[in-house]
Structure formats: structure tokens, C-alpha cells
Amino acid sequence: MQIGVIGLGRMGGNIVRRLLRGGHHCVVFDANPAATGALAAEGATPAASLAELVAKLAPPRAAWVMLPAGEVTEQTVQALGALMDPGDTIIDGGNSNFKDDVRRARALDGRGVRYLDVGTSGGVWGLERGYCLMVGGPKPAFDRLEPVFATLAPGTGDIPPAAGRDGHDRRAEQGYLHAGPSGAGHFVKMIHNGIEYGMMQAFAEGFDILRNRAADVLPEDERYDFNLADIAELWRRGSVVTSWLLDLSANALAQDGQLGTFSGHVEDSGEGRWTIEAAIEEAVPADVLSAALFVRFRSRQAHTFAEKLLSAMRLGFGGHVETTKGK
């Protein structure tokens with residue numbers, strides 16, 4: 001089917017490529033003409049502006065916004081809303097706050113334009129691995145655009161469904177799901193990212209403890225000089241902590257066991273903060289997730305080996321390059 005995509009960065013560009021591979025027709029626009037031109041050379045239809053993108057889409061239109069959360073997404077959604085007609089759909093696939101989604105959906109509904117918030121997980125690997133998609137918004141809009149979500153999702157692959165799933169939504173087994181009304185998709189993604197913080201922190205601290213077991217302050221016969229790369233590789237096979245984050249850690253440690261190219265300055269996308277805010281609103285204890293977030297704040301002042309491994313994992317799954325701020 002036909003869809004417009006605005007924002008052709010690391011994830012947006014690969015979303016277009018995966019859709020093109022799946023036989024969809026993409027009309028693309030980016031503020032950087034070179035990004036638009038590169039995808040046009042791969043088979044997408046280029047647009048020089050939002051207005052031109054909308055004009056090149058056949059009603060009922062659908063446009064996927066893949067931009068950083070905040071003002072640039074806000075302005076783009078508002079501009080698209082003014083250009084689109086009743087029955088058209090705007091998709092925000094970035095990391096917007098779910099409360100912004102609720103507000104935008106309400107405003108656009110007054111014009112008859114549908115709005116879907118899509119939590120998108122997969123990082124820079126999504127082109128080959130597929131994207132895990134958590135969709136919020138009106139069910140009819142989800143149903144119409146389901147071919148797009150099915151193409152972007154990873155599919156079942158070699159992961160069997162959990163036992164006892166009879167009667168549950170089979171699309172979850174494909175890697176995409178209608179999570180609920182407006183804001184629900186980004187809320188689920190927000191909690192996903194909060195959990196991600198905690199899992200990353202657990203790996204980082206564990207490997208830091210292993211690394212420091214050779215410290216001179218310990219009794220000589222209780223010191224161990226561990227090969228962290230080998231331990232990470234070992235745990236990838238048959239252990240209960242096997243995961244993609246462990247894979248990324250193993251890759252980073254195999255290349256440089258000291259992680260010398262990382263300072264340990266760890267940024268946060270904002271979703272960890274929103275997760276803690278939601279926990280406070282709901283009076284739900286979130287000790288681990290809160291601690292993981294505060295470690296990221298501390299990392300911008302004093303860096304440990306654990307924080308270097310956090311940086312390495314962020315680079316691995318999302319292409320997030322450390323900033324120089326705080327060094």
C-alpha cells in the first residue's frame with residue numbers, strides 16, 4: 001500500500017527500505033534533501049515539502065512521522081493535520097510522551113483526521129530484524145494500515161509462541177499489536193524503555209563487579225582476573241540471562257575488553273523519566289527502574305566501567321553516539 005514517511009534518519013530511512021522491500025509504495029520527505037534523494041534512488045517517491053508529500057498521496061492518506069520527540073514532531077503533526085482531509089491518518093512512530101498523543105488525537109479528531117501513536121523498537125537493526133510495534137489509536141485506522149505494520153514487524157521467526165496463548169491476539173506473535181486507544185502505544189513503549197534501562201544497568205553492574213575482582217584490596221587468593229569477553233560469550237549460550245542486550249555487550253567486549261573508546265557518559269531519551277512519573281502517578285514501586293535512571297544522571301559527572309558498557313549497548317542497538325557534554 002502507499003504511505004508517506006517524514007524523517008529519514010537512522011530509523012526512518014530503514015523503515016522506508018523495509019517497506020519498499022515488502023512491496024509498499026513510499027513517498028518520502030526529510031529536511032535534508034540528500035536523505036530524500038538517497039531513498040529516491042532506492043525506489044521511493046521524493047517530495048520537497050510536506051505539502052508536496054500530501055499531494056502525492058492518494059486518499060485516504062497515511063503519513064508516518066519518524067522524528068525526535070518534542071517540538072519538531074509537534075510542528076510536523078500540526079502541519080500535516082492542516083494539510084490532510086477527513087479519513088486520512090497521521091502516525092507518530094517516534095518516542096513521544098503518551099499524554100501528547102492524547103492531546104493531538106483529540107485535536108485532529110475535530111478535523112476528522114485519525115492519529116496513531118506507534119511505539120517502535122528495533123533501533124538501527126530494524127531493517128534486517130524487523131521492528132516491534134506497539135500501536136495506539138482508533139482501531140479502524142490500525143486495521144486499514146495493518147499491512148504496513150505486518151511488513152515492518154519481524155514475524156514469528158524461530159521464537160515459538162508462549163504456552164497457553166489460545167484465545168490471545170495472534171498478531172503479538174508476529175511482533176505488532178494494537179495496544180489500545182490514543183496514547184496506549186507510546187505508553188507501552190515507554191514502559192518497555194524503562195525496563196530496558198533496568199536490564200542494561202543489571203548487566204553493566206554485574207560486569208563491573210567481575211572486572212574489579214582482581215583489585216589489590218582483596219585477599220590474594222580471592223582475586224580473579226576474568227576475561228569479560230569470554231564470560232559474555234559463555235552466557236549467550238544456555239544461560240537464563242541470554243538476551244539481545246547480552247549479545248551487544250559481548251560484541252563490544254570482544255572488540256575492546258577495556259571499552260577504551262567509551263567515556264561512560266550515558267544520555268537518556270526521556271522515556272525512563274516518563275516511566276518513573278507514571279509509577280508515581282499510579283503509586284507503583286519502581287526501585288530498580290528509578291535507580292537505573294539516576295545512574296545515567298550520575299554518569300555525566302563521574303564515569304565507571306559499568307557506564308562505559310551502558311554506552312556500548314546504546315551504540316549497539318540504537319546507534320547512539322556519546323556526546324562530549326560532561327567530559
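# Strands, salt bridges and one buried aspartate

Let's start in the sheet. Strands S5 and S6 run parallel and pair over 4 bridges. Keep in mind that this is a predicted model. One pair to find on your screen: Ile-90 stands opposite Tyr-115 in S6. How does the chain get from one strand to the other? S5, helix H5 (residues 98-109) and S6 make a β-α-β unit, and that unit is right-handed.

Now look at S5 itself. This strand covers residues 89-92. In a regular strand the side chains alternate between the two faces of the sheet. Are the faces of S5 covered or open? Covered, on both sides. Thr-89 and Ile-91 are buried on one side. Ile-90 and Asp-92 are buried on the other.

S5 has another partner, strand S4 (residues 62-65). These two run parallel as well, joined by 4 bridges. Ala-62 stands opposite Thr-89 in S5. The chain goes from S4 through helix H4 (residues 71-83) to S5. That β-α-β crossover is right-handed.

S4 shows the alternation too. Ala-62 and Trp-64 point one way from the strand. Ala-63 and Val-65 point the other way. All of these residues are buried. S4 also pairs with strand S1 (residues 2-6), in the parallel sense, over 3 bridges. There, Val-5 stands opposite Trp-64.

Step back to the whole sheet. What is the order of its strands? The order is S3-S2-S1-S4-S5-S6-S7-S8. That makes an open sheet of 8 strands with mixed pairing. Strand S3 (45-46) and strand S8 (176-180) stand at the edges. Each has a single partner strand, so one side of each is left without a neighbour in the sheet.

Next, one residue in S6. Asp-117 is found in this strand, which spans residues 114-121. Asp-117 is buried, yet it has no salt bridge. Which side chain of opposite charge is nearest? That is Arg-104, 8.6 Å away. A salt bridge needs a nitrogen and an oxygen within 4 Å, so that pair does not count.

What does sit by the Asp-117 side chain? The backbone nitrogen of His-186 lies 2.9 Å from one of its polar atoms. Asp-117 also touches many residues from other parts of the chain, including Asp-92, Asp-101, Met-134, Gly-137, Pro-181 and His-186.

On to charge pairs. Side chains of opposite charge can pair when their charged atoms come close. How many salt bridges does the structure hold? There are 25. Lys-99 and Glu-281 form one, with their closest N and O atoms 2.5 Å apart. Lys-99 lies in helix H5 and Glu-281 in helix H12 (residues 271-282), so the pair ties together parts that are 182 residues apart in sequence. Lys-99 is partly exposed, at 43% relative accessible area. Glu-281 is exposed, at 53%.

Another pair is Glu-233 with Arg-237. The closest N and O atoms there are 2.6 Å apart. Glu-233 is partly exposed, with a relative accessible area of 29%. Arg-237 counts as exposed, at 56%.

Then we have Arg-300 and Glu-267. Their closest N and O atoms are 4.0 Å apart, and they form a salt bridge. Arg-300 lies in the loop between helix H13 (287-299) and helix H14 (305-318). Glu-267 lies in the loop between helix H11 (244-255) and H12. So this pair ties together parts that are 33 residues apart in sequence. Is Arg-300 buried or exposed? Buried, at 18% relative accessibility.

Salt bridges can also be linked. Which residues share a network? Glu-74, Asp-92, Asp-100, Asp-101, Arg-103 and Arg-104 do. You have met Asp-92 already: it is one of the buried residues of S5. Arg-104 came up too, as the nearest side chain of opposite charge to Asp-117.

One last stop, away from the sheet. Where is Asp-221? Look in the loop between helix H9 (184-211) and helix H10 (228-235). Asp-221 counts as exposed, at 65% relative accessibility. Now find Pro-160, which is 61 residues from Asp-221 along the chain. The C-alpha atoms of these two are separated by 46 Å.

Conventions: Residues are numbered from 1 along each chain as its sequence is written. This is a predicted model: local features need pLDDT of at least 70, side-chain atom pairs count only at pLDDT 80 or more; totals for chains, interfaces and linings use all residues. Side-chain values use heavy atoms; hydrogens and water are left out. Buried means under 20% relative accessible area, exposed over 50%, partly exposed in between (1.4 Å probe, protein chains only). Lys and Arg count as positive and Asp and Glu as negative; His and the chain ends are not counted. A polar contact is a pair of N or O atoms within 3.5 Å; within protein, one must be able to donate a hydrogen and the other to accept it, and residues adjacent in sequence count only if both atoms are side-chain atoms. Contact means heavy atoms within 4.5 Å. Two strands pair if DSSP finds at least two bridges between them. A crossover is right-handed if, with the strands pointing away from the viewer, the path from the first strand over the helix to the second runs clockwise. Lists of a residue's contacts leave out its neighbours within four places in sequence.
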